[in-house]
Amino acid sequence: MKIKVKIVIWFIMCVAFAKAQTIPVNDDSQLSEAIKKAQPGDTIVMVNKEWKDVDIKFKAIGTSERPIVLKSQTAGSVKLTGTSTLRIGGDYLEVHGLWFENGNVGKNNVVRFEADSDTPATNSRLTNCAIINVNPDSREITNYYIALHGKNNRVDHCSLLGKLNKGPAIAVRLKNSIDNNHRIDHNYFGERLPLGFNGGETIRIGTSTYSKQSSRTVVENNFFERCSGEIEIISIKSANNVVRNNLILESEGTITLRHGDYNIIEGNVIIGNNLPKTGGIRMINKGNIVRNNIIIGTTGKDLRAPICVMNGIPNSKLNEYDPVVDGIIQNNTIINCSPVTLSIGSRSNATIAPVNTKFENNLIYNSSRGLAIFAGDDISGITLGGNKVSSTLIEDFDGVDVVDFKLEAANGIYIPSADSDALLTAVKTNPKVRVDATGALRSQLRAGAIVPGNFKPAIALTSQAGVSFIKIDELRNLSKDIAVTVVDVAPGEKTLEKAIKNMSGPTILKLTAGDYFITKAIKVSQDLSIVGHGNDKTFLKISKEADKTPQYIFRLNGAKEVKIKGIHIDGYASSETVKYGITSSNSPSSDIYNLYLDDVTFVNFKNSAGGAIFKAYAGTKADTISIKNSTFKDSYRGLNLSYEKDETGKYNAEHIIIQNSLFVDIEQFAVNYTRSGIEARTSGGNLLIDHCVFYRVDDSEKGRIIKVNGIKNVHIKNSVLDNSRETNSIVQLKGNHHIIENCVVYNSGKVKLSDSAQEINLERFNPKWENTENFKVRDGSGLINAGTDQKNIGLINND
């Protein structure tokens with residue numbers, strides 16, 4: 001009888017397995033039909049080609065032993081472009097080897113673990129897939145590369161980069177999926193440029209609405225590189241998650257325990273390479289544990305500190321800041337970083353200091369003298385014990401010992417030497433830290449993330465992250481492989497205009513001496529360099545043959561980088577002057593652009609109906625606007641970046657750099673660089689003005705030569721502000737990151753300072769110009785060799 005039963009079972013299994021099929025599909029209709037008919041164990045194979053504008057709805061039911069698989073014929077050879085998306089819904093489904101690239105899915109998510117609102121994915125997997133440079137038209141449109149719904153799903157060995165718009169690359173959604181047990185592992189998250197406002201996270205788990213709920217998501221063994229969308233690289237907004245053994249490199253932000261309790265952050269390696277705004281781990285809320293992390297070369301301060309423990313807000317709302325209670329910070333190693341910050345508040349009403357929190361057995365080393373720990377408020381609720389800092393650091397806290405331990409190189413980082421073992425004796429902790437960041441068992445209590453003398457690599461440094469079909473080096477260089485065309489352009493009517501119209505890919509246009517005439521405004525949609533023969537030899541003018549005066553000379557209409565050098569641009573036209581010299585896109589865009597001007601003169605942009613030499617429209621963002629050796633003259637306004645009005649902390653450029661340049665006879669401001677509102681997650685904008693001259697700029701009672709309302713970092717140095725006689729206040733600086741240094745103000749109004757803004761060596765004397773054409777100075781001028789760099793204050797290379 002037993003023999004007959006076994007035969008029956010064997011027969012049933014054979015029949016079941018016989019049904020499993022491999023089904024090749026060549027187009028979206030065949031794909032849809034194959035999915036509808038799919039049975040457990042089936043594999044649907046998309047043939048190698050470009051699949052454009054395909055909405056894949058992978059809705060089916062597999063089993064744990066026999067999942068249903070959707071895969072590419074060859075991993076990485078199925079390219080999904082245009083509006084292509086993937087929805088996964090059902091049970092035990094797997095997707096392998098797809099590549100989404102250069103698409104535009106609008107408000108949709110590229111991949112969604114939910115076929116429809118009634119069919120989330122469970123026990124399903126996205127593996128060895130790439131999503132690269134898929135962006136909507138505007139960076140203010142919110143979508144996700146991957147939206148995780150349902151339960152027990154996994155995203156692994158994927159490569160995600162190039163996201164420019166609002167919304168995290170991966171979002172874990174908790175609505176209807178509490179205790180979801182997702183796993184995000186072995187993925188490569190490539191460069192994400194600063195978004196400029198809230199919503200630029202790389203991974204977000206939950207939202208403030210569901211922050212008291214448990215997610216139980218694990219984020220491990222991933223590689224994050226230059227993920228600088230905002231201050232929160234990994235944003236935890238739920239409970240009981242684990243973030244462990246990830247490598248974060250050169251990223252402007254932190255792992256942030258923003259909302260939610262009882263999360264664990266352990267074994268991560270964070271390397272800033274001393275780049276600005278790089279940070280570590282930020283703690284808020286209850287019962288969170290931060291241990292065995294290695295943080296090296298991060299420079300961020302306050303909220304971006306290597307470890308930041310925040311103050312809370314009384315009766316905090318769900319979207320505010322709960323106090324830190326029962327926090328544990330143990331056995332972390334911090335090397336050559338800015339100080340750890342304890343009891344720091346981002347709001348004036350953040351008055352509740354941490355309670356019953358432990359800061360124990362941490363190791364801090366710095367090769368330069370400075371603070372190890374900065375206390376922003378009461379730290380009596382934080383117990384410090386067993387912490388060791390190097391002898392270069394200043395430390396006055398009980399529970400922090402200064403010892404002369406040694407470090408040695410190991411696996412690309414530094415670890416304490418075996419000879420330093422006895423110096424790093426630590427205290428007992430609860431809970432115990434049983435292993436170090438390499439996974440090695442701890443036989444003795446020692447400070448730091450790695451046991452002294454243990455040359456085994458940290459687990460975070462050993463993960464093989466990303467897809468199999470594109471190496472990380474190739475991903476970094478995708479945009480660098482495009483050939484640049486060089487074209488010589490002769491002077492004459494419409495020659496430059498036609499050359500730009502005929503561009504195909506990145507182009508350098510070389511202009512000889514002479515006059516170049518345009519009849520129409522020029523939209524620049526591809527990367528462009530215009531190189532003239534010098535601003536006194538190469539002239540760009542409005543043609544008399546123009547049917548009407550163009551509104552602008554150049555508009556950056558999709559180009560990511562525009563460089564202009566050695567050219568004189570004249571806005572004069574016979575009927576009316578051109579309104580703008582250069583503008584950003586006139587509609588919101590997700591593209592981040594860069595503009596570089598060198599040896600460029602702009603004159604006669606006198607249109608008083610809001611005109612400017614440069615205008616940035618709302619909803620657009622530059623990473624860098626760099627102006628060197630240039631002249632802005634006889635115009636209505638200079639640079640106008642003031643159109644973000646919605647009080648959310650947006651601004652139009654991350655960095656504005658103006659060096660060795662002249663602004664003369666500008667009716668209103670030379671620079672208006674404004675941020676409305678404050679958003680703590682952004683850097684807040686950066687302005688550097690060095691070796692410039694402002695002469696007869698905004699010469700009116702309520703005028704401002706330079707407007708910097710709401711901008712975080714402002715440094716004006718080695719410059720002259722002259723002959724704005726009627727102006728009461730030529731510039732108003734506010735906050736301890738605003739500095740005017742080594743400048744001369746003459747025949748002009750006051751510099752107004754507030755909230756710890758700094759004035760260093762500000763002088764008032766006659767510059768003694770030899771002439772006001774090129775602003776050379778006469779012998780005996782106090783400007784000569786008086787700069788912080790021993791060059792002239794004002795213009796250099798001019799004497």
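Let's start with L86, in this predicted model. Leaving aside residues up to four places away in sequence, L86 touches I56, F58, L70, V95, L98, F100, V110, V111, R112 and L126. Two of those names, V111 and L126, come back in a moment.

Step back to the core itself. The largest nonpolar core has 81 residues, and L86 is one of the five that touch the most other members, along with M46, V111, L126 and I146. There is also a second, separate core, this one of 72 residues, with I522, V524, Y673 and I689 among them. As a general note, nonpolar side chains tend to be buried together in soluble globular proteins.

Now, the empty space. How many cavities of 30 Å³ or more does a search of the whole structure find? It finds seven. I'd like to show you the second largest, which has a volume of about 70 Å³. Its lining runs through Y145, L160, L161, G162, K163 and A169, then F189, G190, E191 and R192, and finally T202 and C227. By residue class, that lining splits into six nonpolar, three polar and three charged.

On to the cysteines. The structure holds zero disulfides. Take C692: the nearest cysteine sulfur belongs to C743, and it sits 9.4 Å away. So why is there no bond from C743? Because its closest cysteine sulfur, the one in C692, is 9.4 Å off, and that is too far. As for their surroundings, C692 is buried, with a relative accessible area of 0%, and C743 likewise counts as buried at 0%.

Last, a word on confidence, since I know you'll ask. The mean pLDDT of the protein is 92, and 96% of its residues reach 70 or more. Where does pLDDT stay under 50? That happens over residues 5-18, and for this stretch the model has two contacts beyond four places in sequence. Thanks, everyone, and I'm happy to go back to any of these on the screen.

Technical notes
Residues numbered from 1 in each chain as written. Predicted model: local features only at pLDDT ≥ 70, side-chain atom pairs only at ≥ 80, totals over all residues. Heavy atoms only, no water. 1 Å grid on protein atoms, 1.4 Å probe; cavity = no way out; pocket = protein on both sides within 12 Å on 5 of 7 lines; lining within 4 Å. Points joined across faces, edges and corners; volume = space filled by probe spheres on them. Nonpolar A, V, L, I, M, F, W, Y, C, P; charged D, E, K, R; others polar. Core = buried A, V, L, I, M, F, W, Y, C linked by side-chain atoms within 4.5 Å. Buried < 20%, exposed > 50% of the residue type's maximum accessible area, 1.4 Å probe, protein only. Contact = heavy atoms within 4.5 Å. pLDDT = per-residue confidence, 0-100. Disulfide = S-S within 2.5 Å.
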